[in-house]
Amino acid sequence: MHHKKTTKKPLIMVCLLVIVLALGGGGFLFYQNYTQKQLTKQNEQIIKTLVANLNKADYAAVAASFSEGSLKADEMTTTTVAEKYQNIYGGIGVSEIKLKNMQVNDQTVNYTLSMHTDLGILDDQNYTAKIDKESQKITWQMALIFPGMTSGDKVSYDFNQAVRGEIKDRNNNGLATNGTVYNYGVVPKEMTDETIKEIAAAIDVDEDTIKEALKQTWVTDDTFVPLKTVVQVPDDLPTITGFEAREATGRTYPLGEAAAHLIGYVGKVTAEDIEKNADLAAVSMIGRAGLERAYDKELRGQDGGTIKITDSEGQEKATLQEVTVKNGEDIKLTLDSQAQYLAYQSLAGEPGASVAENPQTGELLALASSPSFDPNKMTYGISQEEYDAYDKDEDLPFMSRFANGYAPGSTFKAITAAIGLDNGTLDPDEEIAIDGLKWQKDSSWGGYEVTRVSDVTPVNLRTALVYSDNIYMAQATLKMGEDKFRAGLNELIFGEDLDLPIDMDPAQISTEDRFSSEILLADTGYGQGELLLNPIQQLTTYSVFPNGGTLVYPKLLASKETKSKADVFSKATIQAIDSDLQAVVTDANGTAHSLASLGMMLAAKTGTAEIKENQDEQGQENSFLYAYDAENKKFALLQLLENKADGQAAVDQVSDLIDYLATLKN
């Protein structure tokens with residue numbers, strides 16, 4: 001019997017067909033998925049580009065992102081759209097735009113924008129954009145400016161600038177005020193190339209700056225366009241067609257250079273400022289230096305206003321942003337304006353500092369530094385030439401010398417003497433035989449010698465202070481030794497941060513915890529070595545003398561409580577030194593005897609600190625004077641003359657200041 005042979009070919013063909021179809025379907029799905037991902041990326045990039053152009057305020061590029069058909073449908077053009085963005089975003093100061101939460105669903109993109117306006121951070125805005133598949137551009141709609149906007153809508157902006165608080169002295173005289181300033185400006189329709197050239201020369205502004213100002217979007221033919229702000233208008237300002245100076249309110253500094261280092265100045269807010277502090281508005285002024293910077297938050301307050309969407313009839317549709325205005329706080333200081341002016345005048349433009357206080361309360365009455373700068377120019381636009389003159393000045397007019405550390409020189413001898421009296425190592429009546437103008441302990445000092453100015457012998461404490469004898473004080477310091485000397489110094493303010501709104505390093509005894517040699521110990525005893533105290537710290541340290549041994553800390557804010565450290569030295573010690581410091585003035589040989597002509601009971605100590613690399617060379621000499629009212633203890637001052645010339649001394653600068661301080665009431 002024959003069997004018919006069956007074949008498997010049809011079955012194999014069917015299987016192959018199934019496999020091919022399966023692979024084909026998978027390939028199609030893969031292709032479809034790939035295409036969708038590419039489309040999603042493409043649509044994401046379209047939105048990212050839009051936001052990037054918004055951030056650059058390139059509104060022409062923004063307008064070019066929209067499809068031509070959608071613009072025509074809304075009777076818009078790329079030009080009118082660019083103008084819309086410029087007027088709205090530019091008008092409310094939109095900046096710092098950030099894209100978040102982007103989701104793409106085919107040709108629809110949902111995304112969120114965060115941004116700043118002149119009023120600060122705007123609440124996140126949620127957008128929906130449709131991408132035209134054919135043109136790969138965005139379908140235009142007003143809601144892409146702000147959600148909820150439709151054709152014909154506008155954005156209204158009502159800005160209320162906070163009034164900056166003023167800085168006042170103890171008598172409510174203004175130190176940083178909201179006074180009258182003048183805006184130099186032009187009326188565009190009167191401008192020609194020739195008048196622009198004349199105006200640029202008259203007010204020291206580049207011609208290009210004027211031309212750029214005239215191109216601003218809000219400018220019309222009859223608009224007054226401000227170019228520069230000044231505090232005073234010179235009498236010889238030329239008359240030019242279309243140019244004028246208009247009164248306005250702005251920040252002014254009545255004492256000018258006399259208080260510039262302390263009070264500081266303000267400047268316009270920058271994009272960098274806003275990045276650091278989101279509460280700032282683009283049109284605000286911010287403290288740039290001195291107390292204007294230290295108390296900027298309190299002084300500045302909070303600008304306010306509203307940003308609203310309105311319809312074509314002006315009816316409100318939605319409030320985008322609302323901030324309540326809060327005016328800044330006034331800051332009242334312990335400073336006395338007249339004392340400040342006289343302190344600055346006493347320096348006569350020479351490098352130095354002048355600090356005055358009420359020693360009983362610690363109230364700082366004057367904090368002057370010289371040379372100085374004009375804070376009004378720094379606020380309203382200093383020319384490059386003027387700034388370069390300051391910046392290249394070897395006398396460093398931007399340095400606050402009242403906050404800069406110096407070796408105090410011989411004024412510090414009174415402190416060394418007080419430590420020695422208190423710890424019993426110094427007998428004020430003991431007569432020490434000192435011969436000649438140079439001395440060294442022994443040959444171990446090599447070529448180093450302590451020098452003095454007057455060859456007087458024998459020497460006791462009073463004689464040493466009257467003649468300012470370095471050798472006597474070096475020997476007294478070596479006798480007490482480093483441990484006892486440092487123990488006394490550590491009762492003072494070394495290493496402490498004073499509670500003042502002024503940048504300064506703590507007072508320093510030495511760079512290391514121990515003196516590196518006996519020579520350094522001896523030098524420190526008469527105010528040299530590695531000692532560093534700024535004039536405020538010197539005055540604070542010396543406050544023990546008019547206060548019977550109590551150290552009174554300085555204060556600058558009138559609202560602050562006086563802080564003190566009692567019994568730093570015994571009353572008996574202070575009485576002895578107070579008497580000796582009065583002798584520095586009354587004794588005909590005293591280094592501050594010239595102050596006797598003022599006819600009042602004063603105590604004083606002068607000092608000269610020399611800065612040099614080697615003992616045998618001529619170094620820079622800084623002259624100091626510490627003086628106080630020995631009768632009523634109502635004022636004290638510290639005068640510094642930096643790098644003095646031959647024949648100059650701080651003691652010769654202070655007569656007018658002392659005369660005025662003597663008239664003050666506590």
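The exercises below deal with helix H14 and the nonpolar cores of a predicted model.

Local features need pLDDT of at least 70 and side-chain atom pairs count only at pLDDT 80 or more, while totals for chains, interfaces and linings use all residues. Residues are numbered from 1 along each chain as its sequence is written, and side-chain values use heavy atoms, with hydrogens and water left out.

**Exercise 1.** State which residues of H14 are buried (under 20% relative accessible area, 1.4 Å probe, protein chains only) and what covers them.

*Solution.* Helices are DSSP runs of H or I with at least four residues, and strands are runs of E with at least two, numbered from the N terminus. The buried residues of H14 are Lys413, Ala414, Ile415, Thr416, Ala417, Ala418, Ile419, Gly420 and Leu421. That is nine of the eleven residues, so H14 is largely enclosed by the rest of the structure. Their cover, counted by contact (heavy atoms within 4.5 Å), includes helices H15, H16, H17, H18 and H19 and strand S21.

**Exercise 2.** Describe how H14 (residues 413-423) packs against H19 (residues 571-586).

*Solution.* Start with the axes, which are lines fitted to C-alpha atoms over the stretch in contact, with angles from 0 to 180 degrees between N-to-C directions. The two axes come within 9 Å and cross at roughly 145°. Next, list the contacts: Ala414, Ala417, Ala418, Leu421 and Asp422 of H14 meet Thr573, Ala576, Ile577 and Leu581 of H19.

**Exercise 3.** Identify the residues with the most contacts inside the largest nonpolar core (buried Ala, Val, Leu, Ile, Met, Phe, Trp, Tyr and Cys joined through side-chain atoms within 4.5 Å).

*Solution.* This core has 121 residues, and those with the most contacts inside it are Ile263, Leu333, Ile415, Phe545, Leu556, Leu595 and Leu625. Helix H16 (residues 470-489) gives the largest share, eight residues.

Technical notes
Buried < 20%, exposed > 50% of the residue type's maximum accessible area, 1.4 Å probe, protein only.
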